[in-house]
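Please open the model in your viewer, with residue selection and distance labels ready to hand. The tour below moves from one selection to the next and says what is to be found at each.

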Amino acid sequence: MYSGRVHALQGVSMQVGRGEIFGLLGPNGAGKSTLVKIMTTIVRPTTAKGTLLGAPIGHRPTLARVGYLPEHHRFPQYLTGRQCVEFFGAMCLMRRPERKRRAAEMLEVVGMKAWGDRRVGTYSKGMQQRTGLAAALVNDPRLLILDEPTDGVDPVGRRESRDLLIRMRDEGRTVFLNSHLLGEVEQVCDRVAIMLKGKVERQGSLEELTKESRRWRITVEGAMPAWIAEFGPTTPGEGRTSVEFKTDDLARVQECIDRLRAAGARIVSIAEPRESLEDVFMRLVRDVDGRVAAVGAGNVNTTMRGGR
């Protein structure tokens, strides 16, 4: 709880599995960064209970096995990128030879080897993000917590960052990714949680989150047979007609295809449209905003009645 009795988080509960990329999504002010800061002990919660890598949150030896890239991080402008990464290694109590070796390796991994001995003050925002990622990796972490890691990074850098996260997962590391870039998250995350107004509204794999919207669309040349109404409504197009229906039963889909072929229909396409992660996110935002507005309206009415 912040000053003014503002509850940044309200009953947040989630579990991140070992060796997966987990995405935390939400608009600005949803409480994502506050949750990350509680996990890394930067912010002390009013009430919280949980574990990090199997140890209670705040366990110092465990924190040494965590890599963290904060949002809007800032390096001293007079230091070189290499010095910044080595400094992070020193804070993790790494011995000098080890941290120098790891700093050189990680700068190369993030594409900053050629710039490692130049001052951070000469870096672009994207280059500073890359250097921050190298610093988060310098201690060879088992858990990597990234708060908006591709902010300011160009498309090439984003692609390289995605490849790096997948590589980290394939090595058995766990990646906790806090981002508002839904397209980026959708491409790399195994599971996600959507946080709105301090609460986790939905969490699960993309398959689980979009299951409700899963449907099938079959398009044929010309008109559909009359019996197609058994499956769903049709939509005419230019010389084509589509039928769309919702089912998880593939046998039902195959039945429709077989009957169309038996009727001599020429099938143009078979598609399985479903919501994107952005669609799910926007739908939840609208639902939550609607609930808040309804509660607010009720409060106003109650106040008015009480004043009579």
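Is Lys197 buried, partly exposed or exposed? Before selecting it, keep in mind that this is a predicted model. With a relative accessible area of 45%, Lys197 is partly exposed, and you will find it in the loop between strand 7 (191-196) and strand 8 (199-204). Its backbone deserves a look as well, since the phi of Lys197 is near 50°, a positive value in a residue other than glycine.

Go next to Leu93, another residue that is not a glycine and yet has a positive phi, here of about 65°. Leu93 lies in the loop between helix 3 and helix 4, and its relative accessible area of 76% makes it exposed.

Stay in that loop between helix 3 and helix 4 and select Met94, which counts as buried at 14% relative accessibility, the cut-off for buried being under 20%. If you show its surroundings and set aside residues up to four places away in sequence, Met94 touches Gly89, Arg99, Arg102, Val138 and Asn139. A distance label between the C-alpha atoms of Met94 and Asn139 should read 7.3 Å, although 45 residues separate the two along the chain.

Now select helix 4, residues 96-109. Its 14 residues should span 20 Å at 1.5 Å a residue, and the end C-alpha atoms are indeed 20 Å apart, so expectation and model agree. Colour the buried residues of this helix, which are Arg99, Arg102, Ala103, Met106 and Leu107. They cover an arc of only 130° around the axis and are therefore on the same side of helix 4. What do these buried residues pack against? Their partners are helix 3 (81-91) and helix 5. Just after helix 4, pause at Gly111, where phi is positive at about 80°.

From there, move to helix 5, residues 125-137. This helix has 13 residues and reaches 19 Å from its first C-alpha to its last, close to the 18 Å expected at 1.5 Å a residue. Twelve of the 13 residues are buried, so helix 5 is largely enclosed by the rest of the structure. Among the buried residues are Gly126, Gln128, Arg130, Thr131 and Leu137. To see what surrounds them, display strand 4 (66-69), helix 3, helix 4, strand 5 (143-147) and helix 6, against which the buried residues of helix 5 pack.

Keep helix 5 on screen and add helix 6, residues 155-170. Two packed helices are described by the angle between their axes and the distance between the axes. For helix 5 and helix 6, the axes come within 12 Å and cross at roughly 10°, and the two helices are therefore roughly parallel to each other. On the side of helix 5 the contact is made by Arg130, Leu133 and Leu137, while helix 6 contributes Val156, Gly157, Glu160, Ser161, Leu164 and Met168. Coloured by type, the residues of this contact divide into five nonpolar, two polar and two charged.

Turn then to Leu24, in strand 1 (residues 21-25). At 0% relative accessibility, Leu24 counts as buried. Apart from its neighbours within four places in sequence, Leu24 is in contact with Met14, Lys32, Leu35, Phe176, Leu177, Asn178, Ser179, Ala193 and Met195. The C-alpha atoms of Leu24 and Arg191 are separated by 8.9 Å, with the two positions 167 residues apart along the chain.

Two of those contacts, Lys32 and Leu35, lead on to helix 1, residues 32-39. Helix 1 is mostly covered, as seven of its eight residues are buried; these are Lys32, Ser33, Thr34, Leu35, Val36, Ile38 and Met39. Helix 1 is followed by Thr41, and a check of its backbone shows a positive phi, near 65°.

For the last stop, select Gln254 in helix 9 (residues 250-262). Gln254 is partly exposed, with a relative accessible area of 38%. Draw a distance from its C-alpha atom to that of Ser13, and the label should read 40 Å, for a pair that is 241 residues apart along the chain.

Terms used:
Residues numbered from 1 in each chain as written. Predicted model: local features only at pLDDT ≥ 70, side-chain atom pairs only at ≥ 80, totals over all residues. Heavy atoms only, no water. Axes fitted to C-alpha atoms, helices over the stretch in contact; angles between N-to-C directions. Helix = DSSP H or I, 4+ residues; strand = E, 2+ residues; numbered from the N terminus. Parallel < 35°, antiparallel > 145°, perpendicular 65-115°, else oblique. Contact = heavy atoms within 4.5 Å. Nonpolar A, V, L, I, M, F, W, Y, C, P; charged D, E, K, R; others polar. Expected span 1.5 Å × (residues − 1). Buried < 20%, exposed > 50% of the residue type's maximum accessible area, 1.4 Å probe, protein only. Arc of directions from axis to C-beta.
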